[in-house]
Amino acid sequence: MSGSILLGIFWHFVGAASAACFYAPFKQVKKWSWETMWSLGGFFSWIILPWTVSYILLPDFWAYFGSFSIATLLPIFLFGAMWGIGNINYGLTMRFLGMSLGIGIAIGVTLIIGTLMTPVLQGKFGLLLNTSGGQMTLLGVFVAVIGVAIVSYAGLLKERALGIQAEEFNLKKGLILAIMCGIFSAGMSFAMDAAKPMHQAAEQIGISPLYVALPSYVVIMGGGAIVNLGFCFIRLAIKPELSVKADLSVAKKLLITNALFSILGGVMWYLQFFFYAWGHANVPEHYGYMSWMLHMSFYVLCGGIVGLLLKEWLGVGRKPVRILCIGCLVIILAANIVGMGMAS
């Protein structure tokens, strides 16, 4: 396995670790509605940071974006909006299925669809089936799904041991939402593929390969921002129990603390895709769609590791922890199989 591929896998792990930790600051926000907290964090992660980073990177910000036609930008934007819908469904999935079962199904679906639909749409799926490297990467995807399922099962055992239940458990609704979440969340993978002309243009004006994907986030995350912020603003406007005025009327110290934690959560959320771009840059171009598989499987892996470090698994017994560790090892194995497939 080449050093570049190993480096790509490492940066995908770093990005996934940021994704696994990003909600921790949000948990420190007190006496604010979820909608206000999510909107502030999202404004930084979906708008402020992508625009600021792109403005710093690009010699002429407006000339760069003005060089693309609507026909190029619209699919990227719409795939970003598709991914934004997946984000909303993700939260609803947790509500009806609980964290472990919801994450397992949603991540499993988005991992498969986001990874394999790209070569299918490009007409290159036959190359995966007919080459040794392609067959090995497909095996890695299959092993990754097994690892996600094992970690999710461990989480389910943990929830049962701790007496944790979904807010409004509904298997039928939860399964539908989890599948929808998996399908729509794959929009980020499709958006990255559609944004290749933007990446190439950034490289042509001298942007480092590590950063060429970052300007496209202005368009991708702009689509996601409209969906997420629109959802939050509508709820804040129509739900009588929600009030931005009440959220902003808390004590000044708490107001500042809440704002800082919300912004920190948004920054960490953005960093997952900042490092995703670094990982993607080190993956061979013809295997670029494997970036999504690495990101999503490492997200589950890092979530398990973070839970252990935060002692969330204390008192659940040895069996759930043992199964969690087995699942994490399976995901690590999957990453190695994919890496060897890309290198062959």
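**Figure 1. Helices α10 and α11 come within 5 Å of each other.** A helix axis is a line fitted to C-alpha atoms, here over the stretch in contact, and the angle between two axes runs from 0 to 180 degrees between their N-to-C directions. The model shown in every view is predicted. Helix α10 covers residues 187-194, and its axis crosses that of α11 at roughly 45°. Because angles under 35 degrees count as roughly parallel and 65 to 115 as roughly perpendicular, this crossing makes α10 oblique to α11. Which residues make the contact? On the α10 side they are M192, D193 and A194. On the α11 side they are K196, P197 and H199. By class, the contact holds 3 nonpolar, 1 polar and 2 charged residues.

**Figure 2. The second largest pocket has a volume of about 330 Å³.** Its lining is made of 14 residues. H199, E203, V212, H280 and E285 are the closest to the pocket centre. H199 also takes part in the contact of Figure 1, on the α11 side. Two helices, α11 (196-204) and α14 (252-281), each supply at least two lining residues. Which element gives the largest share? It is α11, with 4 residues. Sorted by class, the lining has 7 nonpolar, 4 polar and 3 charged residues.

**Figure 3. Helices α3 and α14 cross at roughly 50°.** Helix α3 spans residues 34-57, and its axis comes within 8 Å of the α14 axis. The angle makes α3 oblique to α14. Is the crossing left-handed or right-handed? It is right-handed. From α3, the residues in contact are M37, L40, G41, F44, S45, W46, L49, P50 and V53. From α14, they are A259, S262, I263, G266, V267, W269 and Y270. The contact counts 12 nonpolar and 4 polar residues, with no charged ones.

**Figure 4. The whole structure holds 1 cavity of 30 Å³ or more.** About 30 Å³ of space lies inside this largest cavity. Which residues line it? They are F22, F26, W38, G42, S45, W46, G266 and W269. Helices α3 and α14 are the elements that give two or more residues to this lining. The biggest contribution is from α3, with 4 residues. Look back at Figure 3: S45, W46, G266 and W269 line the cavity and also belong to the contact of α3 with α14. By class, 5 lining residues are nonpolar and 3 are polar. No charged residue lines the cavity.

**Figure 5. Helices α8 and α15 cross at roughly 20°.** Helix α8 runs over residues 132-162, and helix α15 over residues 290-309. Their axes come within 10 Å. Why are the two helices described as roughly parallel? Angles under 35 degrees count as roughly parallel, so α8 and α15 are roughly parallel to each other. The crossing is left-handed. Helix α8 brings T137, G140, V141, A144, V148 and V151 to the contact. Helix α15 brings M290, M293, S297 and V300. The residues of this contact divide into 7 nonpolar and 3 polar, and none is charged.

Methods. Residues numbered from 1 in each chain as written. Predicted model: local features only at pLDDT ≥ 70, side-chain atom pairs only at ≥ 80, totals over all residues. Heavy atoms only, no water. 1 Å grid on protein atoms, 1.4 Å probe; cavity = no way out; pocket = protein on both sides within 12 Å on 5 of 7 lines; lining within 4 Å. Points joined across faces, edges and corners; volume = space filled by probe spheres on them. Nonpolar A, V, L, I, M, F, W, Y, C, P; charged D, E, K, R; others polar. Parallel < 35°, antiparallel > 145°, perpendicular 65-115°, else oblique. Left-handed = near helix turned anticlockwise from the far one by under 90°. Contact = heavy atoms within 4.5 Å.
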